[in-house]
Amino acid sequence: VTTVLKGIQDYLGKNVNVAYEKGCEIVNRGWPDTEIISSPLNQQEQRDIGKAVERARLSDVIVAVLGEDDKTVGESLSRTSLELPGRQQQLLEALYATGKPVVLVLINGQPLTINWANQYIPAILEAWFPGHSGGKAIAEALFGDYNPGGKLSMTFPKSIGQIEYNFPFKPGS
C-alpha cells in the first residue's frame with residue numbers, strides 16, 4: 001500500500017525534505033461517545049497536536065490528511081455525526097492557526113460535514129478510500145500532474161439534519 005506520505009516522498013524525491021508528524025489518531029479515547037458529549041483534549045492529545053503544530057511552523061506548506069478508516073465507516077457502523085471523527089477538527093484548526101498554507105486531503109467512505117474546512121481551508125482534495133496506489137495518485141493530483149475535476153455523485157450535507165429519513169414503507173400508506 002502506498003500511503004499519502006510515501007506517495008509525496010516518492011514524487012518529490014530526495015532533494016525535498018518532507019516532514020511528517022501524526023498529530024492525532026483517527027478516533028480519540030471514548031469515541032464514539034465523544035461525538036455526542038465533547039470532552040477536553042487530554043495531555044497526550046495536546047502534546048501530539050502540539051508536535052504537529054511545531055513541525056508545521058517549520059514547513060512551507062501543510063498537507064493535512066484527515067478522515068475515516070474502516071473502523072469508523074461501513075456496514076453496521078452507524079455514527080451520530082458526520083464531522084471529522086476524534087480530535088481531527090482540533091488538529092486542523094491548530095494547523096490553520098500557524099498561518100502556513102494548508103491543503104486538506106480527505107480519506108473517507110462517506111460525505112462529511114466539513115463546514116469549517118470549506119470556509120477556511122483554500123484547497124481540499126476528496127480522495128475517498130483511494131486503494132493501494134492512492135498515495136501516488138494523491139501526490140500526482142497535489143502537484144498538478146492530474147486535474148481531479150468533475151461532479152460528485154453525492155451531496156456533502158451542511159448538517160445531519162439535511163439527510164432524509166429512509167425507511168421501508170408501502171406506497172400510499
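This is a short talk on the helices, aromatic pairs and unusual backbone spots of one protein model.

Hi everyone, and thanks for coming. Please keep in mind throughout that this is a predicted model.

Let's start with the overall picture. The protein has six helices and three strands. Reading from the N terminus, the order of the elements is α-α-α-β-α-β-α-β-α. If you draw a box along the principal axes, the C-alpha atoms fill roughly 65 × 40 × 30 Å. The protein has 173 residues, and 33% of them count as buried. Now take the contacts between residues at least 6 apart in sequence: 69% of these join residues at least 24 apart.

Next, a pair of helices. How do α1 and α6 pack against each other? Helix α1 covers residues 4-12 and helix α6 covers residues 134-142; their axes are 7 Å apart and the angle is about 55°. Oblique is the word for α1 relative to α6, because the angle falls outside the parallel, antiparallel and perpendicular ranges. Their crossing is right-handed.

Which residues make that contact? On the α1 side you can find Val4, Gly7, Ile8 and Tyr11. On the α6 side there are Gly135, Lys136, Ile138, Ala139, Glu140 and Leu142. Sorted by character, the residues of this contact are six nonpolar, two polar and two charged.

Now for the aromatic rings. To describe a pair of aromatic rings, we give the distance of the centres and the angle of the planes. Searching the whole structure turns up five aromatic pairs, and I'd like to show you two of them.

One is Tyr96 with Tyr120: the centres are 5.7 Å apart, the planes make an angle of 55°, and the pair is tilted. Where do these two tyrosines sit? Tyr96 belongs to helix α4, residues 88-96, while Tyr120 belongs to helix α5, residues 115-120, so the pair ties together parts that are 24 residues apart in sequence. Are they buried or exposed? Tyr96 counts as partly exposed because its relative accessibility is 34%. Tyr120 also counts as partly exposed, at 39%. With Trp116 added, Tyr96 and Tyr120 form one aromatic cluster.

My other pair is Trp128 with Phe156, again tilted, with 5.8 Å centre to centre and 50° between the planes. This pair links distant parts of the chain, 28 residues apart. Trp128 is in the loop between β3, residues 123-126, and α6, whereas Phe156 is in the segment after α6. The relative accessibility of Trp128 is 23%, so Trp128 counts as partly exposed. Phe156 counts as partly exposed too, with 23%.

Please hold on to Trp128, as we meet it again in the last part, on the backbone. Phi of Trp128 is near 55°, a positive value in a residue other than glycine. Ser76 also has a positive phi without being a glycine, with a value near 60°. You will find Ser76 in the loop between β1, residues 62-67, and α4. Ser76 counts as exposed because its relative accessibility is 70%.

One more backbone spot before I stop. Which peptide bond is cis, with omega near 15°? It is the bond from Trp31 to Pro32. Pro32 has its place in the loop between α1 and α2, the latter being residues 33-36.

That's my tour, and I'm happy to take questions!

Definitions and conventions. Residues numbered from 1 in each chain as written. Predicted model: local features only at pLDDT ≥ 70, side-chain atom pairs only at ≥ 80, totals over all residues. Heavy atoms only, no water. Axes fitted to C-alpha atoms, helices over the stretch in contact; angles between N-to-C directions. Helix = DSSP H or I, 4+ residues; strand = E, 2+ residues; numbered from the N terminus. Parallel < 35°, antiparallel > 145°, perpendicular 65-115°, else oblique. Left-handed = near helix turned anticlockwise from the far one by under 90°. Contact = heavy atoms within 4.5 Å. Nonpolar A, V, L, I, M, F, W, Y, C, P; charged D, E, K, R; others polar. Phe/Tyr/Trp six-rings, centres within 6.5 Å; stacked < 30°, edge-to-face > 60°. Buried < 20%, exposed > 50% of the residue type's maximum accessible area, 1.4 Å probe, protein only.
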